[in-house]
Amino acid sequence: MSEVVIPRINGERLWHSLQQLGEIGADSSGGVTRLSLSEEELGARQFIVRLMKDAGLDVRQDEAGNLIGRLEGDGAVQGAVVTGSHIDSVIQAGRFDGPLGVVSGIEALRTIKEQGIRHERPLEVICFTDEEGVRFGAGYFGSRAMAGDWDEAWLELTDFSGITLKEAMERADLKPHKASLAARSREEIKAYVELHIEQGRVLEDRELSVGIATAIYGHRWLEVRLRGRADHAGTTPMKLRRDPLAAAAEAMLAAEQIALQADGVATVGTLQISPGAINVIPGEVLFTVDVRHERLDSLHEMEQAIEAGIARVAGERGLEASIRVIDGADPVQSASPIMDAIGRGCKALEIQEHRMVCGAGHDAVAMNELADIGLILVRSRDGISHHPQEWSSPEDCEAGANVLLYTLIRLSND
Ligand code: HGY
Ligand code: MN
Ligand code: MN
Ligand code: MN
């Protein structure tokens with residue numbers, strides 16, 4: 001491809017779309033809560049469909065609810081170059097985690113179509129179903145279904161109010177038992193490149209706007225149930241107690257030490273206590289542990305050490321412990337040709353190239369089962385994410401989207 005004309009996306013329209021999308025599911029925290037297949041997320045899906053149609057894309061929804069905008073290729077080459085991300089959010093989230101990749105992908109394909117830029121291969125932008133996994137306890141549903149990794153057992157997972165994924169899909173006019181039909185073949189997809197906010201501090205500390213992910217951490221989500229004996233807070237001597245909450249506290253601190261020693265990360269993000277009264281020693285606690293590492297062997301070691309720590313503490317305190325792995329994905333590596341294409345994009349746009357490992361999970365992890373992947377990261381102010389104050393500047397969003405545009409054009413003519 002000649003290096004002379006470097007197309008640019010419409011940065012103003014990108015920013016405007018991101019702000020409009022950010023209003024859908026805006027909550028009292030000043031952030032966004034748009035859980036998968038909730039009313040808010042269904043409203044956001046309609047916004048995305050309109051944006052894809054305004055961009056002149058062929059739009060379809062697959063059996064897992066993934067929204068797919070497509071431009072047929074100018075050549076007779078099979079194997080689409082695909083970008084995408086998600087619009088479902090965590091609780092009290094920011095406006096950029098996911099939407100930046102979906103809206104930038106739509107803008108990139110719109111620019112290619114409007115400027116008649118040649119692309120031998122088909123191009124697609126995908127808005128995936130349930131990347132975050134916050135509502136039902138497992139994530140990457142849409143991208144895993146597309147990669148052929150749909151698990152029917154997910155349909156019985158329930159959310160905080162007892163609604164199953166099956167019911168939520170039916171309410172969204174999806175046919176839950178057909179979700180596995182979303183699977184695609186390796187021949188259909190040549191490469192997958194995602195644009196996402198960094199959600200960390202590396203780019204901020206280096207005063208860089210864009211990063212290239214070389215790898216993405218793997219994760220394991222553990223659900224831990226500790227059962228002791230509820231008892232009177234006043235009359236029960238300390239030595240006779242079987243207090244699962246004190247045990248959980250000890251286990252959490254042990255997990256923190258394991259993560260520090262392994263140079264990985266471990267997070268307890270949810271905790272349920274029953275019966276949960278000020279003058280009653282808890283009878284049972286339920287908490288989750290999010291364990292991550294860049295290397296698979298270290299991830300396994302961390303998971304085993306944390307589970308052993310929980311079992312030890314429970315044994316010493318006469319408690320019953322049950323630990324379930326409710327979700328997990330192994331670390332993935334970006335493909336060199338895709339990282340090189342992104343690097344050329346940075347160079348052509350005079351953006352300093354910076355290669356780095358990504359600690360946040362993305363649909364690219366699931367799509368790695370189907371195609372070579374790449375991930376472009378955009379600076380997050382103060383590294384804040386999964387928080388109402390998550391923010392990336394219009395300039396950085398535009399820079400990332402232009403690097404994505406360049407990368408898609410390059411890969412679709414390889
Ligand atoms: O948990 C993650 O890293 C991503 O936000 N799903
Ligand atoms: Mn997220
Ligand atoms: Mn995300
Ligand atoms: Mn075209």
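In this predicted model, H386 is partly exposed, with a relative accessible area of 39%, a value that lies between the limits of under 20% for buried and over 50% for exposed residues. Through its NE2 atom, H386 serves as a donor to the manganese ion (ligand 2), which is also coordinated by D97 (OD) and E132 (OE), with distances of 2.0 to 2.2 Å. Along the chain, the donor residues of this ion follow the spacing D-x34-E-x253-H. D97 is located in the loop between β3 and α3 (99-114), whereas H386 belongs to the loop between β15 (372-378) and α11 (394-412), so the pair ties together parts of the chain that are 289 residues apart in sequence. In contrast to the partly exposed H386, D97 is buried, its relative accessible area being 7%.

The manganese ion (ligand 2) has a neighbour in the manganese ion (ligand 3), from which it is separated by 3.5 Å, and D97 coordinates both ions. For the manganese ion (ligand 3), the protein donors are H86 (NE2), D97 (OD) and H196 (NE2), which lie 2.0 to 2.2 Å from the metal. The sequence spacing of these donor residues is H-x10-D-x98-H. Here H86 is part of strand β3 (residues 80-86) and H196 is part of strand β5 (residues 189-197), so that this pair ties together parts 110 residues apart in sequence. Both of these histidines, H86 and H196, are buried.

Ligand 1 is surrounded by E131, E132, R292, A360, G361 and H386, and two members of this shell, E132 and H386, are also donors to the manganese ion (ligand 2). Classified by residue type, the shell around ligand 1 comprises one nonpolar, two polar and three charged residues. Several polar contacts can be described for ligand 1. A nitrogen atom of the ligand is 2.9 Å from an N or O atom in the side chain of E131, while an oxygen atom of ligand 1 lies 3.0 Å from an N or O atom in the side chain of H386. With G361 the contact involves the backbone, an N or O atom of which is 2.7 Å from an oxygen atom of ligand 1. Taken alone, ligand 1 exposes 210 Å², and the protein buries 91% of that area.

Some features of the backbone conformation may also be noted. D130 has a positive phi of about 45 degrees although it is not a glycine, and this residue is placed in the loop between β4 (123-128) and α4 (141-146). With a relative accessibility of 0%, D130 counts as buried, because residues under 20% are assigned to that class. A positive phi is likewise found at Q92, another residue that is not a glycine, where the angle is about 55 degrees. Q92 is situated in the loop between β3 and α3, the loop that also holds the metal donor D97. At 40% relative accessibility, however, Q92 counts as partly exposed, whereas D97 is buried. Finally, the peptide bond that leads from S274 to P275 is cis, with an omega near 5 degrees, and P275 lies in the loop between β9 (265-274) and β10 (280-281).

Conventions. Residues are numbered from 1 along each chain as its sequence is written. Chains are lettered from A and ligands numbered from 1 in the order in which they are written. This is a predicted model: local features need pLDDT of at least 70, side-chain atom pairs count only at pLDDT 80 or more; totals for chains, interfaces and linings use all residues. Side-chain values use heavy atoms; hydrogens and water are left out. Donors are N, O and S atoms within 2.8 Å of the metal (3.2 Å for Na, K and Ca); water is not among the atoms, so sites may look incomplete. Helices (H or I, at least four residues) and strands (E, at least two) are DSSP runs, numbered from the N terminus. Buried means under 20% relative accessible area, exposed over 50%, partly exposed in between (1.4 Å probe, protein chains only). A residue is near a molecule or strand if one of its heavy atoms lies within 4 Å of it. A polar contact is a pair of N or O atoms within 3.5 Å; within protein, one must be able to donate a hydrogen and the other to accept it, and residues adjacent in sequence count only if both atoms are side-chain atoms. Accessible areas come from the Shrake-Rupley method with a 1.4 Å probe; for residues, only the protein chains shown count as cover. Ala, Val, Leu, Ile, Met, Phe, Trp, Tyr, Cys and Pro count as nonpolar, Asp, Glu, Lys and Arg as charged, and the others, Gly among them, as polar.
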